Amino acid sequence: MIDIQPDREPILVFDPASDVVGSDQSPFYNALWSAFDVDHTDAVETLQEDTTIQQYNAVVYRWRSGVVGDVTAILEELPEAFSIPFVVAGPDNPTAVRNVLVTAADGYIPADAGAASELEARIDTETPITQTAGAESVDTAALHGAIVEQMQDTAWVFDAELRISYVNDQVVDRIGLSATDLIGRSLRDVFEWSLLDLETYAAFEAGLTDLLTGDREKFRTQLSFDPADVPAYTTDLLMRPYRDSSREVVGIVGVGRDITEQLAEQRRMERQNDLFRQAQQLATIGGWAWDLTDDSIELTDEVYEIYEIDDDFDATIANILQYHPDPDGEVRTAFDHLREGEAVDLEAQLRTADGKKKWVRIHGSPKYDRGDVVEIIGSVQDVTERRHLESQLRKNVESLRQLYEISTETTLSFADRIDRVLAMTCERLGLRYGFLATIDESHKELIAIHGDHEGFESGQTIPLDGTYCAETVSRESLFAVENAAEDGWDGSPPADNHGLDCYLGGKITVDGRLYGTLYFADDHGRTESFTETELAFVEVLTKWVSYQLERRSTESKLRALQEITREFLTADDASAVAELAMDAADDILELPLTGLWQYDPEDDVLLPVDQTQQSDVYFDHQPAFESGDGHIWKAFAMNSVVIVDDVQSEPNRYTQDTAIRSEIIVPVQSYGVLVTATLEQREFSDLEVDLLRILATSLSAAMVRVEREAELQRQNERLSEFTGYVSHDLRNPLSVAQGYIDQAIETGDTEVLSSVERAYDRMQTLIDDMLLLARKGEVIDLMGPTRVHTVAKRAWEAVETRDAEFEIDGEAVIEADAPRLQQVFENLYRNSIEHGGPGLTVTVECTDSRISIADDGYGFEDDPPELSAETRESESGLGLAIVAKIVDAHGWEITATNGENGGSRFEITGIEPATLPKPDTSEDNSKP
C-alpha cells in the first residue's frame with residue numbers, strides 16, 4: 001500500500017529487505033523522512049508501473065548486498081520509458097561507489113544520516129543526480145592498471161598455475177624483458193636459471209605455493225636479479241593471495257620494492273663498522289666509562305687485552321691504578337682531575353700481572369648533568385711500540401749525526417772513516433764485529449775489520465761459496481740472519497768455521513758495479529728481530545760507504561786523467577796521442593773495449609785510428625763509417641753523446657751479428673769520435689759518461705795541438721824552402737840588371753837602363769809572389785787562359801842568356817798560373833845555360849797538350865833526375881826542384897831526358913787547353 005504525503009517532494013524507496021520497511025531505527029530512513037515524502041516498496045514490479053514515474057521525483061534503491069550484480073539486475077527490470085532518476089544508496093567506501101557509478105544508475109548517495117541532504121542537492125540542481133564526472137566512461141580494470149603503472153615499485157600478478165598474468169612497466173624496465181616475454185608465460189620458464197639460480201628459485205616457488213594452498217596469508221622474500229643487458233638489482237617482494245567472491249584463492253598479487261641502494265648503503269655501513277673494529281684492534285685502543293654516581297666502570301674487550309686481565313676482573317678505578325707504577329703520583333692526580341671535571345690526556349707506564357712493561361695513553365672527558373660531573377668517557381691506547389720506535393729513531397738520529405761528523409772531518413783518511421763507522425754501527429746494533437769486504441767471482445777479501453776475532457784479519461781472502469755474503473750480493477736489499485740455527489744456516493761455513501750465528505749486511509756498489517759487502521755479525525744469535533729503524537740505518541750506511549768509495553775512485557780517476565792530459569802536451573804526433581787515449585780508457589776508466597775514429601772531410605767518412613789491446617783480441621778490424629752510418633755517425637754529426645744500453649734490440653745497428661751488447665759514443669769535437677763497448681748488456685753510469693767526456697775533451701785539445709804544431713813545422717819547412725826559391729830565382733833578374741848597369745857605366749848609354757827597370761820589376765814580382773806563397777801555403781795562385789809562347793819569350797828576356805840562342809816553335813793557349821809558368825821557363829833556361837856549354841841553342845815547342853824545353857848542349861852527366869812534388873834540392877838542384885813543385889801544383893807531369901842529338905830535354909804533359917776571352921769584351925783581363 002503506497003502512502004503519499006503531498007506537502008513534500010515524493011520519493012519512492014525500493015528496499016528488498018521488507019523486514020525493515022517503515023523502520024524508524026535507521027539514520028538513513030530518519031533522514032529521508034525528515035526531508036521527503038517517502039514511500040516504500042519491496043517489490044520490483046512496483047518500479048515497472050506507469051504510476052511510479054508519474055507520482056515520484058526519484059527512486060532510491062537501498063543497496064544492501066554490496067554485489068554490483070544486484071544493481072544491474074534491477075536496472076534491467078526497469079521499463080525503457082523510466083524517466084525519473086534511479087539513485088543507489090549504499091556504503092560510503094570507494095569500491096562501492098566506483099562499482100555502482102560505472103553502471104546505468106543515475107547516482108549514488110551514502111546510506112547514512114546525510115542521505116537526505118545528498119539527495120536534495122542532486123534533485124535541486126539543473127542536471128539533477130548525474131553520475132560522477134567521467135565515471136560512466138572509465139573501465140574499472142583500466143583504472144586499476146593506470147594506478148599500478150604509476151607506482152614506483154614493481155607489480156606482479158600470478159594465476160593459480162603460477163603463470164604471469166600481469167606486470168607493470170617497472171618490471172619490464174628492471175628485468176630487461178618485454179611484456180610479451182613475460183605475460184602468459186610460466187614463472188619457472190622466466191625465472192629459473194635466467195634470473196635466479198636453481199636453489200633460489202625453488203625456495204621462491206615453495207613460498208608461492210603456500211599462498212595458493214592457503215597455508216600462509218603473505219610471503220615476503222628478497223630476490224637479486226642480474227639480467228643480461230640492464231643493471232643488477234635486489235627487490236624486497238611482498239606477495240599475497242588473490243581471492244574471488246567465494247573467497248577461493250585464484251592467484252597471487254605481489255609488489256616489489258627496489259632495495260639495491262639500501263643494501264649497498266647497509267653493506268657500506270657494515271664495512272665501515274668492520275674497518276672501525278679492525279682499526280681499533282690494530283691501534284690497540286680500548287674504551288672505558290666511569291659512572292661517578294656509583295663509582296662503577298665498564299671496560300671494552302680491548303682494555304682487557306691491553307691490561308692482560310681476566311674477564312672476572314673487578315673493574316674499579318682503584319684496581320686499575322694498581323697496574324700503573326706511579327712514583328710521582330701523576331696517574332692518580334689525573335683521575336682526581338677527571339672527578340673534578342677536567343679532561344686529561346697523558347702517557348703512563350703499565351706493568352701487567354706477569355711483569356711485562358708497557359706504555360699506554362689514557363684519555364678521559366667528563367660528562368655533566370645539571371652542572372655536576374656524572375660520568376667520565378675515556379680511551380686507553382697501547383703505545384708501547386710507538387715509544388720503542390721513538391727510542392730507535394732517537395738512536396738513528398744520533399748515529400746519523402756521528403756519521404755526518406765522520407764525513408766532514410777532513411783530516412781523516414778513508415781507512416779511518418771506515419774504522420769509525422764500523423765501531424759506531426757495532427755499538428748501535430749491539431753486535432761485536434763489523435767488516436768491509438771486496439768480492440770477485442769466487443772469493444771475498446776483508447778490507448777493514450772491527451772487533452777482535454781470532455779467525456779474521458785484514459787482507460784475508462775467504463771462499464765466497466756458502467757464506468752470508470754470497471746470499472747478500474744476490475739480493476737488492478739487506479740480508480739478515482738473526483739466529484743461524486733457527487734460520488736454517490746451522491752447518492754453514494760462517495756458522496761452523498767462524499761461529500757467526502748472527503749477521504746483518506748489504507752489498508756495496510761503485511759506479512753501478514758490485515764492489516763488495518758491508519756487514520756486522522756476532523757469535524751469539526739474537527732473541528729479537530732487527531728493528532725497522534736498525535735495518536733502515538744499515539741501509540743508509542751501505543749507501544754512504546758506496547758513495548765514499550765512488551768519490552775515492554772518481555778522485556783517483558780524475559787525477560790520472562789530469563796526468564794523461566799533461567802527457568798529451570808532450571806527445572810528438574797524433575798516433576802517440578791516440579795511443580795515450582786508448583791506454584787511459586783501458587787502465588783509468590776501466591773500459592777495455594774502446595776505439596778512436598777520425599773524420600776525413602775529403603771523403604766524408606770516419607776512419608779508424610787506434611783501439612785498446614783487448615779490442616784487438618775481440619775485433620779483427622775497425623770499420624770505416626760513411627755518412628749516415630748508425631749511431632756513431634749520429635753522435636759525430638750532432639756533436640752529442642749517444643748511449644745504447646741494448647745494441648741487440650736496435651734494428652738498424654751497423655753490424656747485425658755484432659758481439660757488442662752496450663756502447664757509449666762520445667764526439668771528439670771536429671776530430672772524430674771515441675767509442676767504448678761491452679760484451680755484456682749493462683747500463684753505463686753517469687760517472688762513466690762524464691769521465692769519457694773529459695777524456696774526449698782532452699783528446700780533442702791534444703789533437704788540435706799536434707795538428708797546429710805539425711802545421712807550424714810544415715810552414716817552417718816551406719819558409720826555408722821559399723828562402724831558397726827566392727834567392728835562387730832572383731839571381732836571374734839580378735844578373736840581367738847588373739849586366740845592363742855595367743854596360744851603361746862603360747858606354748854611358750842610358751837607354752839600356754830600361755832593361756834594368758824590367759829586371760827590377762821582375763824581381764819585385766818574384767818577391768811579391770813568394771810572400772803570397774808563404775802566407776797562403778799554395779804553390780800556385782790564379783789559373784786562367786795563358787799564351788804559352790808569350791810567357792816563354794818573356795822568361796827568356798828575364799835571364800842572363802850569355803851567348804845562347806833562343807828558338808820557339810808553335811803557339812798555344814792553356815789553363816795556367818802565368819807567373820808560375822814563367823818561373824818554370826826561367827829555371828829551365830838557366831839550367832841549360834849553366835850546364836849546356838858555349839854556343840848553346842835553347843828551343844821551346846808548345847802545343848795545347850804538351851810543352852818541351854830542349855838544348856843542344858852537353859846533356860846530363862848522370863841519369864836524368866826524377867822530377868815530382870817530392871823532389872829535393874839535393875837530388876836535382878834547387879832550380880829543378882822549384883820546377884817540379886810548380887808543375888805538380890798545376891796537375892801536370894814533367895820528364896827529364898837526354899836529347900836524341902845530345903843536350904837535355906824537359907817535356908811537360910797533362911796540360912789542358914783553354915780559350916781566350918772574345919775580343920769584343922769590355923775589358924781584356926786575360927793573362928799573356
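Helices, of at least four residues, and strands, of at least two, are DSSP runs numbered from the N terminus. In the predicted model examined here, the chain comprises 29 helices and 34 strands. Of its 928 residues, 41% count as buried. The exposed surface of the chain amounts to about 49800 Å², of which carbon and sulfur atoms supply 47%. Among contacts in the chain with a separation of 6 or more, 57% are accounted for by residues 24 or more positions apart.

A search of the whole structure for internal voids returned 3 cavities of 30 Å³ or more. The largest cavity holds about 100 Å³ of space. Three elements, namely strand E12 (296–299), helix H12 (301–307) and helix H13 (317–321), each contribute at least two residues to the lining of the largest cavity. The residues that line this cavity include Ile297, Leu299, Val303, Tyr307, Ile317 and Ile320; Trp288, His324, Phe335, Ile362 and Val380 also belong to the lining. Classified by residue type, the lining of the largest cavity consists of 10 nonpolar residues and 1 polar residue, with no charged residues.

At the level of a single site, Thr235 was examined in strand E9, which spans residues 233–243. Thr235 has a relative accessible area of 3% and is therefore buried, the cut-off being under 20%. Its side chain reaches the backbone nitrogen of Arg257 at 3.4 Å. Arg257 is also among the residues that Thr235 touches when those up to four places away in sequence are not counted. The other residues touched on this basis are Thr154, Thr221, Gln222, Leu223, Phe225, Gly256, Asp258 and Ile259.

Conventions:
Residues are numbered from 1 along each chain as its sequence is written. This is a predicted model: local features need pLDDT of at least 70, side-chain atom pairs count only at pLDDT 80 or more; totals for chains, interfaces and linings use all residues. Side-chain values use heavy atoms; hydrogens and water are left out. Buried means under 20% relative accessible area, exposed over 50%, partly exposed in between (1.4 Å probe, protein chains only). A polar contact is a pair of N or O atoms within 3.5 Å; within protein, one must be able to donate a hydrogen and the other to accept it, and residues adjacent in sequence count only if both atoms are side-chain atoms. Contact means heavy atoms within 4.5 Å. On a 1 Å grid over the protein atoms alone, a cavity is a set of points where a 1.4 Å probe fits but cannot get out, and a pocket is an open set with protein on both sides within 12 Å along at least five of seven lines; lining residues have an atom within 4 Å of a point. Grid points are joined across faces, edges and corners, and a volume is the space filled by probe spheres set on the points. Ala, Val, Leu, Ile, Met, Phe, Trp, Tyr, Cys and Pro count as nonpolar, Asp, Glu, Lys and Arg as charged, and the others, Gly among them, as polar. Accessible areas come from the Shrake-Rupley method with a 1.4 Å probe; for residues, only the protein chains shown count as cover.
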